[in-house]
Amino acid sequence: MTGSPYLPRPLQRFLCLLLAALSCTATQGQFVRDAQSECEQLMNSALPLAKQMLREHGEFFPFGVALNAKGQVVAVATGLEHEQPTSEDLIRQLKQIFRAQATAGEYRATALTFDARLRTPAKGMMVDAIAVALDHRDNYSVVVFLPYRLEREKLTLGDMFAQEGAGEVFRHR
């Protein structure tokens, strides 16, 4: 990936870390049968990288992982051609890739991980959160939020919560 004319160096480094982290997860051979468990497998693959990037850089690029037809966790990279892609550009591109691969029967489940700012359901406070939008071909869609606070490079995590997802990936099949 180094020297790619399409990706800025920080994004190249981020994708290398993502691929390295997922190579450990994908070789564990965990093949689960139900939609919720498969989505949890993806979430458990994505969250450690998001936390690591927050600790090291104070932010992270939106990224995607998917469960392919063979039950393996794979990293999903975009091919954006400009030097400074926005989070919205990356999210839009990842969703397009997810839908195309889902339509082709290549993916069983997807996880789009991004940084969010939202109100917590319990206290109604505005917080930063790691968001993981999970979609499964078996009509399961949920967005999981893990609130966090960064103070002097220390990452403090809150209580995770979820809401129903939009089911954007597999509805086009």
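User: Is Glu 168 buried, exposed, or what would you call it, and how much relative accessible area does it have?
Analyst: In this predicted model, Glu 168 is partly exposed, with a relative accessible area of 25%.

User: What does its side chain meet in a salt bridge?
Analyst: The side chain of Glu 168 meets that of Lys 95 in a salt bridge, at 3.1 Å from N to O. Glu 168 sits in the segment after β7 (161–164) while Lys 95 belongs to helix α3, and the pair thereby links distant parts of the chain, 73 residues apart.

User: And Lys 95, what is its relative accessible area?
Analyst: For Lys 95 the value is 23%, and this residue is partly exposed.

User: How many salt bridges does the structure hold?
Analyst: The structure holds 5 of them, and one of these joins Glu 38 to Arg 108, whose closest N and O atoms are 2.3 Å apart. Glu 38 lies in helix α2 (residues 35–57) and Arg 108 in strand β3 (residues 107–119), so this pair ties together parts that are 70 residues apart in sequence.

User: Are those two buried or exposed?
Analyst: Glu 38 and Arg 108 are both buried.

User: Back to helix α3, which residue does Arg 92 pair with there?
Analyst: Arg 92 meets Asp 89 in a salt bridge, with 2.6 Å from N to O between the side chains. Both residues lie in helix α3 (residues 87–103), where they are 3 residues apart, or about one turn of the helix.

User: Why does Asp 89 count as buried, and what does Arg 92 count as?
Analyst: Asp 89 has a relative accessible area of 18%, and because buried means under 20%, Asp 89 falls in that class. Arg 92, at 46% relative accessibility, counts as partly exposed.

User: Switching to helix α2, what does the side chain of Ser 45 reach?
Analyst: Ser 45, which lies in helix α2, reaches the backbone oxygen of Gln 41 with its side chain, at 3.0 Å. Ser 45 is buried, with a relative accessible area of 5%.

User: New topic: how do strands β5 and β6 run, and how many bridges join them?
Analyst: Strand β5 (residues 140–151) and strand β6 (residues 154–157) run antiparallel and are joined by 4 bridges. In one of these strands, β6, Lys 154 is the bridge partner of Glu 151.

User: What sits between the two strands?
Analyst: β5 and β6 form a hairpin with 2 residues between them, and Arg 152 in the turn has a positive phi of about 50°.

How values were computed:
Residues are numbered from 1 along each chain as its sequence is written. This is a predicted model: local features need pLDDT of at least 70, side-chain atom pairs count only at pLDDT 80 or more; totals for chains, interfaces and linings use all residues. Side-chain values use heavy atoms; hydrogens and water are left out. Two strands pair if DSSP finds at least two bridges between them. A salt bridge is a side-chain nitrogen of Lys or Arg within 4 Å of a carboxyl oxygen of Asp or Glu. Buried means under 20% relative accessible area, exposed over 50%, partly exposed in between (1.4 Å probe, protein chains only). A polar contact is a pair of N or O atoms within 3.5 Å; within protein, one must be able to donate a hydrogen and the other to accept it, and residues adjacent in sequence count only if both atoms are side-chain atoms.
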